[in-house]
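Me: I've got a model open and a pile of labels attached to it. Could you walk me through where those labels come from?

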Amino acid sequence: MLTLSHYLMASGILFSLGLAGVMLRRNIIIVFMCLEMMLSATNLSLVAFSRYGLVQGHVNYQAQILVFFIITVAAAEVAVGLAIIVALFRAKQTTHSEDLNSLKF
Amino acid sequence: MQLTLFWFFSLLMIAFGACVVVLRNPVACALSLVASFLALAALFVTLDAYFIAIIQVLVTAGAVMVLFLFIIMLLNLKAEERRSVKLGAMLGGGLIVGCFLELLSSTLSTSPLFSQTLPPLTEPVHSDVAMIGLTLFRSFNLPFQVIGVLLLVATIGVVLLSRQTLK
């Protein structure tokens, strides 16, 4: 049978893949994509909790509102982060994190 | 049936997620992430969260990933050349991820709360979207407007950032 721990484990595996990507990859854009993946993994566990912890026979909608806010904040974060990456690329002509080793330029 | 769908979509999601970490071409990474997000939206549907599944497809897999692809193509990024792999970083990353997964699986096996099966839903009065709208505007009106201000600030910030180059 399909249990809550199935969904939590799938969400945990996706989260740890994103974490591994953030730590192992050197391209800033791909690091940023892995951050998106981690945020979506948290959304999966929140939605699973909302489906398994019913309120009066209904899905817990407060959890889904939180997911909605997380998606909104993630979209805002992507917009700002990509603008910073473009500005960085204009200044340094690279998106490789090992080539960006000075604090001030 | 639901178990089959769960395994199919979660394996698809994890496989494409692994592609994002492994592949070298940024465009291939972005497209794998789109596929991973679509499988995640299907998992949301198996959890009866239809509205969340639709905005996952529209906002995250659609708008956000198009923005990523747009930036990748604007910056004209090529596939990374092979650089020397730092063994310490690999080992450290693997260790942290392994510890996290081990902790998660041991936590999930301790409590019987996590092994409950899917409880049946009562027949809803309103549709899913209507219930989310009612909750959003009744109980979460202030956070909703704060999020609106956040989006406005982010938009202004992006315009300012893209107008001037870093000195």
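**Contacts, burial and holes**

Reply: Sure, and bear in mind that this is a predicted model. In chain A, residues 24 or more positions apart account for 56% of the contacts with a separation of 6 or more.

Me: What makes up chain A in terms of helices and strands?

Reply: Chain A has three helices and zero strands, so the order from the N terminus reads α-α-α.

Me: How do you know what radius of gyration to set chain A against?

Reply: The yardstick is a rule of 2.2 Å times the number of residues to the power 0.38. For 105 residues a compact globule would come out near 13 Å, but chain A has 18 Å. Its C-alpha trace spans about 60 × 25 × 15 Å along the principal axes.

Me: What share of chain A counts as buried, and how much surface does chain A expose?

Reply: Of its 105 residues, 60% count as buried, the cut-off being under 20% relative accessible area. Chain A exposes about 3900 Å², with carbon and sulfur atoms supplying 66% of that.

Me: Why is Ser50(A) called buried?

Reply: Its relative accessibility is 0%. Buried means under 20%, so Ser50(A) counts as buried. Ser50(A) sits in helix 2 of chain A. Setting aside neighbours within four places in sequence, Ser50(A) is in contact with Val59(A), Asn60(A), Ala63(A) and Gln64(A). Contact here means heavy atoms within 4.5 Å.

Me: Over to chain B. Why is chain B said to be more spread out than a compact globule?

Reply: First, the layout: chain B has six helices and zero strands, running α-α-α-α-α-α from the N terminus. The radius of gyration of chain B is 21 Å, well over the 15 Å that the globule rule gives for 167 residues, so chain B is more spread out than a compact globule. The C-alpha trace of chain B spans about 55 × 40 × 25 Å along its principal axes.

Me: What do burial, contacts and surface look like in chain B?

Reply: Buried residues make up 34% of the 167 in chain B. Among contacts with a separation of 6 or more, 58% are between residues 24 or more positions apart. The accessible surface comes to about 10000 Å², and 75% of it belongs to carbon and sulfur atoms.

Me: Now the holes. How many cavities of 30 Å³ or more are there, and what makes a space a cavity?

Reply: The count comes to one. A cavity is a set of points where a 1.4 Å probe fits but cannot get out. The largest cavity has a volume of about 60 Å³.

Me: Which elements supply at least two residues each to the lining of the largest cavity?

Reply: Helix 2 (28–52) and helix 3 (61–92) of chain A do, together with helix 3 (50–75) of chain B. Among the lining residues are Glu36(A), Leu39(A), Ile70(A), Thr60(B) and Val64(B). By class, the lining divides into six nonpolar, three polar and one charged.

Me: And what about the second largest pocket: what makes a pocket, and which residues lie nearest its centre?

Reply: A pocket is an open set of points with protein on both sides within 12 Å along at least five of seven lines. About 190 Å³ of space lies in the second largest pocket. Eleven residues line it, with Thr95(A), His96(A), Lys78(B), Glu80(B) and Glu81(B) nearest its centre. The lining of that pocket divides into two nonpolar, five polar and four charged.

Key:
Residues numbered from 1 in each chain as written. Chains lettered and ligands numbered in written order. Predicted model: local features only at pLDDT ≥ 70, side-chain atom pairs only at ≥ 80, totals over all residues. Heavy atoms only, no water. 1 Å grid on protein atoms, 1.4 Å probe; cavity = no way out; pocket = protein on both sides within 12 Å on 5 of 7 lines; lining within 4 Å. Points joined across faces, edges and corners; volume = space filled by probe spheres on them. Nonpolar A, V, L, I, M, F, W, Y, C, P; charged D, E, K, R; others polar. Helix = DSSP H or I, 4+ residues; strand = E, 2+ residues; numbered from the N terminus. Buried < 20%, exposed > 50% of the residue type's maximum accessible area, 1.4 Å probe, protein only. Areas by Shrake-Rupley, 256 points an atom, 1.4 Å probe, with all protein chains shown as cover.
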